[in-house]
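This report looks at helix packing and aromatic contacts in one structure, which is shown here before the discussion begins.

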Amino acid sequence: MIGVFDSGFGGLTIHRALIDAMPEHDFVYLGDNKNSPYGTREPLDVLNLTCAGMERLIAEGCTLVVVACNTAAAVAMRWIQQQWLPALYLKDGVPRNALSIVVPTIEAATGLDWYEKRRLHDGVTTGGVVAVFATERTVATKTYPFEIRKRRPDIQVVQQACPALAGAIEAGASQDKLRAMIGEYAAALMQQLNGRAPESVVLGCTHYPLVADLFAEVLPAGIPIISQPDTTAAALVTYLERHPEYQVGRNGQRKFLSTGYVPDALHLIEKFWGEPLSFEKA
């Protein structure tokens, strides 16, 4: 089975794209809503919570986990891949891996393959600006500016932290409240750029695509928003073609787990998903 892990409901934006791209595969979703949002937590706390989520999904039979949380990916992914998973493999010999949504997002922004750095497409305009809206913790890691500029020094990366946004979405805040919050964050970003419009925008938190229409409303018209769900789904399809050793199942099974959530947020989730979802207690 393929696991999808997020700090809450935001990862459903990734999960939806994965299911649409690979409907035959078996998926288990786990939202750590009880401890959401991760964006204001200390790095060690994020690491421990992410590992706990991985353990829960492995217990469900997942051999491949997509970490669909930018904060968790930025803070914990390197240690999980280099230390935690190899130690687990030494215990039981089962091939497992965790994949980050950050990698395909940076590939989309730069137009370059992550490992080989071969050109995939033109990415953003030469000398352009990529604007990143993200949580405080993701911004603090500097993952996006570091990795993008390492591959494309001609790209300027400007980050804008949105401290309360993921929590407000998770709590089921009204559209008016969310619009006002996003308007403030967008204004702060534009102030950083002295009013210049960026060439592209990354919504660097999986909760934000749930309100992508509100971002489009308050940002200058016509700015392309890089879709993390679409880029992640395309990357996973390619990855599975290269790695048939992972036993991910082909029975179309679906399971949704949550550590605990606020019911007020379900209306937004169901509006986005297109149908009611039934969560089991993790």
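In this predicted model, helix α1 (residues 12–21) packs against helix α11 (residues 266–273) at an angle of about 25°, and their axes lie 11 Å apart. Because angles under 35 degrees count as roughly parallel, α1 is roughly parallel to α11. The crossing in which α1 passes α11 is right-handed. On the α1 side the contact is made by L12, T13, H15, R16 and I19, which meet I269, F272 and W273 of α11. One of these residues, R16, also lies over the face of W273, at 4.3 Å from the ring centre.

W273 leads on to the aromatic residues, since W273 forms one aromatic cluster together with F9, Y29, F256, Y261, F272 and F279. The structure holds eleven aromatic pairs, and the table gives two of them, both tilted.

| Aromatic pair | Centre to centre | Angle between planes |
|---|---|---|
| Y29 and F256 | 6.5 Å | 45° |
| Y208 and F215 | 5.8 Å | 35° |

In the pair of Y29 and F256, which is tilted with 45° between the planes, Y29 belongs to strand β2 (residues 27–31) and F256 to strand β9 (residues 254–258), so the pair ties together parts that are 227 residues apart in sequence. Both Y29 and F256 are buried.

As for the tilted pair of Y208 and F215, Y208 counts as buried because its relative accessibility is 0%, and F215, also at 0% relative accessibility, counts as buried as well.

Definitions and conventions: Residues numbered from 1 in each chain as written. Predicted model: local features only at pLDDT ≥ 70, side-chain atom pairs only at ≥ 80, totals over all residues. Heavy atoms only, no water. Phe/Tyr/Trp six-rings, centres within 6.5 Å; stacked < 30°, edge-to-face > 60°. Helix = DSSP H or I, 4+ residues; strand = E, 2+ residues; numbered from the N terminus. Buried < 20%, exposed > 50% of the residue type's maximum accessible area, 1.4 Å probe, protein only. Lys NZ or Arg CZ within 6 Å of the ring centre and 35° of its normal. Axes fitted to C-alpha atoms, helices over the stretch in contact; angles between N-to-C directions. Parallel < 35°, antiparallel > 145°, perpendicular 65-115°, else oblique. Left-handed = near helix turned anticlockwise from the far one by under 90°. Contact = heavy atoms within 4.5 Å.
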